[in-house]
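Reader: I want to check the labels on this model against their definitions. Please show it first.

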Amino acid sequence: MSALNALTIAEARDGLRKRDFTAAELTEACLGAIEGAGALNAFVHGTPELAREQAAAADQRLAAGDAPAMCGIPVGIKDLFCTEGVPAQAASRILEGFLPPYESTVTRNLWDAGAICLGKLNMDEFAMGSSNETSVYGNAVNPWRRTGDDAALTPGGSSGGSAAAVAAGLCLAATGTDTGGSIRQPAAFTGIVGLKPTYGRVSRWGVIAFASSLDQAGPMTRSVRDAAIMLQAMASVDPMDSTSAEIPVPDFEAALTGDIRGKRIGLPREYRMEGMPGEIEALWKRGAEMLRDAGAEVVDISLPHTKYALPAYYVIAPAEASSNLARYDGVRYGRRAKLGQGDGITELYEKTRAEGFGPEVQRRVMIGTYVLSAGFYDAYYNRARKVRALIKSDFDAVFAEGIDAILTPATPSAAFPLGSVDEAADPVAMYLNDVFTVTVNLAGLPGIAVPAGLDVQGLPLGLQLIGRPFEEGALLNVAGAIEHRAGFMAKPDRWW
């Protein structure tokens, strides 16, 4: 049998139920792996005592026969989720010392299902970034390396710590959040599965907000089946979240029949972008062939407003961020700047925010404040909202024509070296990493990244599938067909 910490959720669930090992043994295997992986900088707040307590409780439930699928499964939690009594900093200096007195709905659902909290995971500050280089904790590092090259690579962002931890076997799964691709891009960079559910499927209550109309929490796992199992535990209708959809949560694992015969899969012409690397294009073509082999019909489609998605996203997201981040003022919680003689409340706000927010967060807050200002609201923010409506209508039209899912690349490249993109000099170069993913958030649709191959340098590449609203089960089933045919079994060589 594999090392316990390298198991999938499904394998661990079966092993726990057959008494091959206990939740306590599984937890200790993960805690040992975390202890030996400091070089990855994935876990930033460990909770070993809590994990051992939860493991003991899980073993009692298993012995009593009261064991949901996630019971006894050790997971990592992105630092954006509030967990009672455990630091929640959003990887920002401004939330130094903040211990939430409450539990987010997602983590409460996981604990109720018997999952085990190993600790909090690294991320880009306030989820703003595509490379996990804006974190107050320092960079998270991808466990993958290029063949014959020791350069440290990005695990992607903003859920970079989650991706690195799952790929390196530090936990069996992790929570992530996705505002413009922050689950799917790091999943593709690290050779794991990342699912962004439909907006409203998973509660946002207790998740520190970046852009409230775009943020959505989801699972990051080693397999499509695991993503289905974990989403089942995370999702719920939540009266605490006004955007939570009052739609029952189906059995996502039961939807994994493997049969996609007759399904219509769209390939959007607009995603064939100028300068796309040959390897990405070849992988996309291979993905389409896999789906044809599985009995699906693959057709070309058009999403004509795609080219406006990135600029619209980088108006809407900063605008919402500037509003959401106004609450961090040094008065109620988190960091408070030291004041000089004669300083008042205005100086407290200014100094605290200048000290507490990193450069990328400051940049986006300033952009957001600018596009919401009286003279520019209509020219930028309102126009971006209209573009967003057009992008959503493109998807609506395609689905109305009988398309069941849309296949695209997940990222424009494999993982790149940390520090290789000068975000200060050219932030747009970093923002282009989200080119294939932001449309899904703007339209509120479910999307999944599935590992499908390696590039010439031995790094994982992923494909993205986009589904119909609230049809995550059908989307997971198509993703399973790709996973089965791609047969991606590669793991990073241990160097950490």
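Reader: What follows helix 3, and what is the sign of its phi?

Author: Gly65 follows helix 3, and its phi is positive, near 80 degrees. This is a predicted model, where local features need pLDDT of at least 70, side-chain atom pairs count only at pLDDT 80 or more, and totals for chains, interfaces and linings use all residues. Numbering runs from 1 along each chain as its sequence is written, and side-chain values use heavy atoms, without hydrogens and water.

Reader: Why is residues 48-64 called a helix, and how do you know that its span agrees?

Author: A helix is a DSSP run of H or I with at least four residues, numbered from the N terminus (strands: E, at least two). Helix 3 has 17 residues. The expected span is 1.5 Å times one less than the number of residues. That gives 24 Å, and the end C-alpha atoms are 24 Å apart, so the two agree.

Reader: Which residues of helix 3 are called buried?

Author: Ala51, Gln54, Ala55, Ala58 and Leu62. Buried means under 20% relative accessible area, exposed over 50%, partly exposed in between (1.4 Å probe, protein chains only). The buried residues cover an arc of only 110 degrees around the axis, so they lie on the same side of helix 3. The arc is taken from the directions from the helix axis to the C-beta atoms. On the other side, Glu49, Glu53, Gln60, Ala63 and Ala64 are exposed.

Reader: What do the buried residues of helix 3 pack against?

Author: Helix 1 (9-17), helix 2 (23-35), helix 4 (105-112) and strand 3 (116-121). Contact means heavy atoms within 4.5 Å.
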